[in-house]
Amino acid sequence: MHVKQLNKYLEKYVQKKNLTRKFEKQIRFFVENPSHPSLNLELLEPRSAGYYSFRLDKKYRVVFIFMTPDEIEVVDINSHYE
């Protein structure tokens with residue numbers, strides 16, 4: 001599995017919120033095993049849009065799409081409670 005590089009806005013967001021280590025750890029889990037239990041991977045509604053998310057921690061989620069069956073692009077990182 002390949003993960004496209006984050007855009008500049010998301011890179012700054014991850015740094016500003018001190019999520020760099022958590023993001024790198026969860027991406028590593030995702031690349032090695034997308035079904036890893038700590039990810040809590042889910043297909044978001046509406047399902048037909050093709051947006052997925054996984055957990056960085058209890059508060060933050062990574063939203064992504066599959067560009068190809070072997071490549072994803074992170075489109076958002078946000079607080080699950082905002």
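1. The radius of gyration here is taken over C-alpha atoms, and the rule for a globule is 2.2 Å times the number of residues to the power 0.38. With 82 residues, that rule puts a compact globule near 12 Å, and the protein chain comes out at 12 Å, so the two agree. Keep in mind that this is a predicted model. Along its principal axes, the C-alpha trace spans about 30 × 25 × 25 Å.

2. A quick inventory of the fold. The protein chain has two helices and five strands, and from the N terminus on they run β-α-α-β-β-β-β. Of the 82 residues, 30% are buried. If you take the contacts between residues at least 6 apart in sequence, 36% of them join residues at least 24 apart.

3. Now the sheet. Its five strands make an open sheet in the order E1-E5-E4-E3-E2, and the pairing is mixed. Strand E1 (2-3) and strand E2 (42-43) stand at the edges with a single partner strand each, so one side of each has no neighbour in the sheet.

4. Walking in from the E2 edge, you meet strand E3 (residues 52-55), which runs antiparallel to E2 and is joined to it by two bridges. Glu42 stands opposite Ser53 of E3. Ser53 also stands opposite Val63, which belongs to E4. E3 and E4 are antiparallel as well, with four bridges between them, and they form a hairpin with four residues in between.

5. Next along is the E4 and E5 pair, antiparallel over eight bridges. The hairpin that joins E4 to E5 goes through two residues, and Thr68 stands opposite Glu71 in E5. If you want a feel for how far things run along here, try Ser79 and Met67: they are 12 residues apart in sequence, yet 24 Å apart in space, C-alpha to C-alpha.

6. While you are at Ser79, have a look at its surroundings. Ser79 sits in strand E5. Is Ser79 buried or exposed? Its relative accessible area is 4%, under the 20% cut-off, so Ser79 counts as buried. Leaving out residues up to four places away in sequence, Ser79 touches Tyr13, Lys59 and Tyr60.

7. On to helix H2 (residues 20-32). H2 lies across E1, E3, E4 and E5, and runs at about 120 degrees to E3. Gln26 is a residue of helix H2, and it is worth a click. With a relative accessibility of 4%, Gln26 counts as buried. What does the side chain of Gln26 reach? The partner is the backbone oxygen of Arg55, at 2.8 Å. Not counting residues up to four places away in sequence, Gln26 touches Ser38, Leu39, Phe54, Arg55 and Leu56.

8. Helix H1 (residues 8-16) is the other helix to look at, and its two sides are easy to tell apart. Leu10, Tyr13 and Val14 in H1 are buried. They cover an arc of only 95 degrees around the axis, which puts them on the same side of H1. An α-helix has 3.6 residues a turn, so residues three or four places apart point the same way. On the other side of H1, Lys8, Lys12, Gln15 and Lys16 are exposed. What covers the buried residues of H1? The cover includes H2, E4 and E5. Tyr13 turns up twice in this note: as one of the buried residues of H1 and as one of the residues that Ser79 touches.

9. Last, the two ends of H1. At the N-terminal end, Asn7 acts as the cap, with a side-chain oxygen 3.1 Å from the backbone nitrogen of Tyr9. Asn18 follows H1 and has a positive phi, near 55 degrees. Both are simple to check in the viewer.

Definitions and conventions
Residues numbered from 1 in each chain as written. Predicted model: local features only at pLDDT ≥ 70, side-chain atom pairs only at ≥ 80, totals over all residues. Heavy atoms only, no water. Pairing = 2+ DSSP bridges. Contact = heavy atoms within 4.5 Å. Axes fitted to C-alpha atoms, helices over the stretch in contact; angles between N-to-C directions. Buried < 20%, exposed > 50% of the residue type's maximum accessible area, 1.4 Å probe, protein only. Polar contact = N/O pair within 3.5 Å; in protein donor to acceptor, adjacent residues only side chain to side chain. Arc of directions from axis to C-beta.
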